[in-house]
Amino acid sequence: MSSDKQHLNGAYYGPSIPPQKSYHRHGRSRDCDCCGCLCGCLFSLIFKVLLTILLTVCLAAFVLWLIFRPNRIKFHVTDAQLTQFDLNTTTNLLRYDLSLNLTIRNPNKHIGIYYDRLEARAFYEGQRFASQPLTRFYQRKKNTTVLAIPFKGENMVVLNGDKRLSAYESDKSSGTYDIDMKLYLRVRFKLRGIKTPRFRPKIECDLKVPLDSSGKASGTFETEKCGLDW
């Protein structure tokens with residue numbers, strides 16, 4: 001017994017006991033960090049690609065503009081003949097007979113123009129009283145085209161307010177009428193075989209047209225330059 005007690009109370013010389021390890025779950029946070037980093041890199045790459053494409057397109061457009069120097073298309077109403085413009089202020093019925101000649105000048109050396117849609121509309125005191133579709137056509141480079149635009153018929157024109165009625169009476173007394181002509185277009189441009197998408201400009205012409213009664217005009221129509229609204 002004494003020898004056994006001495007053995008048990010003595011020092012322990014067996015193999016060392018390994019220390020206990022503590023485990024922490026880091027897998028989820030690492031996945032989130034990797035996902036965020038990947039998304040950030042992807043967005044940065046997309047932004048750089050789009051920016052590069054945009055700069056390339058702008059540079060190409062600028063170079064083409066320097067090479068070809070496109071000029072603005074010119075529109076003029078060169079002649080107008082008004083033989084009837086009678087408004088019944090009781091029934092608001094307007095009878096009219098108006099003919100216009102519109103000149104379109106393409107001054108560009110390298111650009112042709114497709115006029116896919118043309119519609120002319122006539123207005124008096126802000127009220128539309130006539131519209132006329134025109135035949136579509138292709139205009140070559142350095143070309144001048146003359147379009148005949150006839151307006152004839154009758155339509156309702158309501159001149160509300162003393163100001164508009166007074167303007168009509170004044171025009172009737174002077175024999176010259178303030179008539180607006182607007183041309184609605186759908187055009188494409190052709191540059192050495194390349195066709196652009198369609199654009200929809202609007203042409204606005206403010207006219208003063210004398211009434212021609214029995215072959216005698218009460219005034220002289222002057223060549224009118226038209227404004228282009230893109």
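**Notebook: contacts, sheet and surface**

I began with the contacts of the protein chain, and among those between residues at least 6 apart in sequence, 71% join residues at least 24 apart. I note here that I am working from a predicted model.

Next I looked up the elements, and I found 3 helices and 13 strands in the protein chain. I also checked burial, and of the 230 residues of the chain, 29% count as buried.

I then turned to the strands, keeping in mind that strands of a sheet pair through backbone hydrogen bonds, either parallel or antiparallel. In this model I traced an open sheet of 4 strands, which runs in the order β6-β2-β1-β12 with antiparallel pairing. At its edges I found β6 (143–156) and β12 (224–225), each of which pairs on one side only. Within that sheet I followed β1, residues 74–88, alongside β2, residues 93–106, and I noted that the two pair in the antiparallel sense over 13 bridges. As one point of orientation in this pairing, I wrote down that K74 stands opposite R105 in β2.

Last I looked at the surface, where the protein chain exposes about 16300 Å², with carbon and sulfur atoms supplying 54% of that area. I asked myself which residues make the nonpolar surface patch of about 790 Å². I listed L42, F43, L45, I46, V49, L50, I53 and V57 as its makers. To place one of these patch residues, I looked up L45 and found that L45 lies in helix α2, which covers residues 27–68.

Technical notes:
Residues are numbered from 1 along each chain as its sequence is written. This is a predicted model: local features need pLDDT of at least 70, side-chain atom pairs count only at pLDDT 80 or more; totals for chains, interfaces and linings use all residues. Side-chain values use heavy atoms; hydrogens and water are left out. Two strands pair if DSSP finds at least two bridges between them. Buried means under 20% relative accessible area, exposed over 50%, partly exposed in between (1.4 Å probe, protein chains only). Contact means heavy atoms within 4.5 Å. Accessible areas come from the Shrake-Rupley method with a 1.4 Å probe; for residues, only the protein chains shown count as cover. Patches are made of residues with over 30% relative accessible area and no salt bridge: like charges are joined within 9 Å, nonpolar side chains (Val, Leu, Ile, Met, Phe, Trp, Tyr) within 5 Å. A salt bridge is a side-chain nitrogen of Lys or Arg within 4 Å of a carboxyl oxygen of Asp or Glu.
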